[in-house]
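Here's a quick tour of one structure, taken piece by piece. Have the viewer open while you read.

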Amino acid sequence: MSYRRIEVLPDKAAIVARSLELVSDRIQQAIATNGRCTLALAGGSTPKPLYEALSQCEVDWAKLHVFWGDERYVPVDHPDSNEGMARQAWLNHVAIPAENIHPMPTTMADPAIAAQAYHQDIQTFFQIEPGMVPTLDIVLLGMGDDGHTASLFPHTPALSVGDRLVTVGDKNGEPRLTLTIPLLNQAHCVLFLVAGANKQDALQQVLATGAAGEQVDPNNVPARYIQPQGELWWLLDQAADGGNNYHQLNKN
Ligand code: 6PG
């Protein structure tokens, strides 16, 4: 990992404002450098106001490609759909070409077939050979109070998938689709948006360092597996930080 930075912000609104700065800046950087930007979205509730704010940004939308980091196995019009949430909050309101939106397929009978299909979609998009892992420019992630991220839940088979880009996650028996740890860790920039006191315990394990960190089993808190080769940003609110002042872990 080339760079990790933890920022503790006053509240969720401040996380949204700060993540908007970082994400819009990195979208412009990627477009300027590569002629396009590839962005994987987080689900859940925290990022929704960020997506609403992004819909007001000046972006060459034809050069942005949107993927998902994970998806509940429901149709897009289901209230739990991460794709549906992002379309309603953002993508339906900007001139992004339909072919630039790459949702995870959730209508196939077998989620494993859907995971394989998305794996293939990513391989084709990035024009990579089987076995290669592409570099997403930006990956947005949240973290559950159990330390899961994307749909990589504690002590599930998805955590040990190293030869695929996409796999089936398992939330208490409910199937999800999720990008795998190797693909997430190949990203150029990963941003975690974490708000709420209920995240304190998991965060303490995920961010533990030194001897305490060596005691932590990442299978208990899978977000600890996310150690990207590029930038890693943790945007926390004070409620999630819980007075630990995690920003003091930053190496200046
Ligand atoms: C999902 C997300 C999931 C989410 C965390 C945090 O599909 O639910 O991808 O990993 O990021 O559960 O969710 P909140 O932001 O709602 O706390």
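## A strand pair and its sheet

T167 has T178, a residue of β7, as its bridge partner. Keep in mind that this is a predicted model. The two strands involved, β6 and β7 (residues 174–179), run antiparallel and are joined by six bridges.

Zoom out a little and you get an open sheet of three strands, ordered β4-β7-β6, with antiparallel pairing. The edges belong to β4 (70–72) and β6 (166–171); each has a single partner strand, so one side of each has no neighbour in the sheet. From one strand to the next, the twist averages 30 degrees.

## The helix across the strands

Lying across β6 and β7 is helix α4 (residues 111–126), which runs at about 140 degrees to β6.

Q123 is part of this helix. Is Q123 buried or exposed? With a relative accessible area of 7%, Q123 counts as buried, because the cut-off for that is under 20%. Leaving aside residues up to four places away in sequence, Q123 touches I128, E129, P130, G131 and L165. As for S2, 121 residues away along the chain, its C-alpha atom is separated from that of Q123 by 25 Å.

## The largest pocket

If you're hunting for cavities to look at, the largest pocket has a volume of about 350 Å³. Which residues lie nearest its centre? Those are G43, G44, S45, M143 and H148, out of 20 lining residues. Sorted by class, the lining has nine polar, six nonpolar and five charged residues.

Note on methods
Residues numbered from 1 in each chain as written. Predicted model: local features only at pLDDT ≥ 70, side-chain atom pairs only at ≥ 80, totals over all residues. Heavy atoms only, no water. Pairing = 2+ DSSP bridges. Helix = DSSP H or I, 4+ residues; strand = E, 2+ residues; numbered from the N terminus. Axes fitted to C-alpha atoms, helices over the stretch in contact; angles between N-to-C directions. Contact = heavy atoms within 4.5 Å. 1 Å grid on protein atoms, 1.4 Å probe; cavity = no way out; pocket = protein on both sides within 12 Å on 5 of 7 lines; lining within 4 Å. Points joined across faces, edges and corners; volume = space filled by probe spheres on them. Nonpolar A, V, L, I, M, F, W, Y, C, P; charged D, E, K, R; others polar. Buried < 20%, exposed > 50% of the residue type's maximum accessible area, 1.4 Å probe, protein only.
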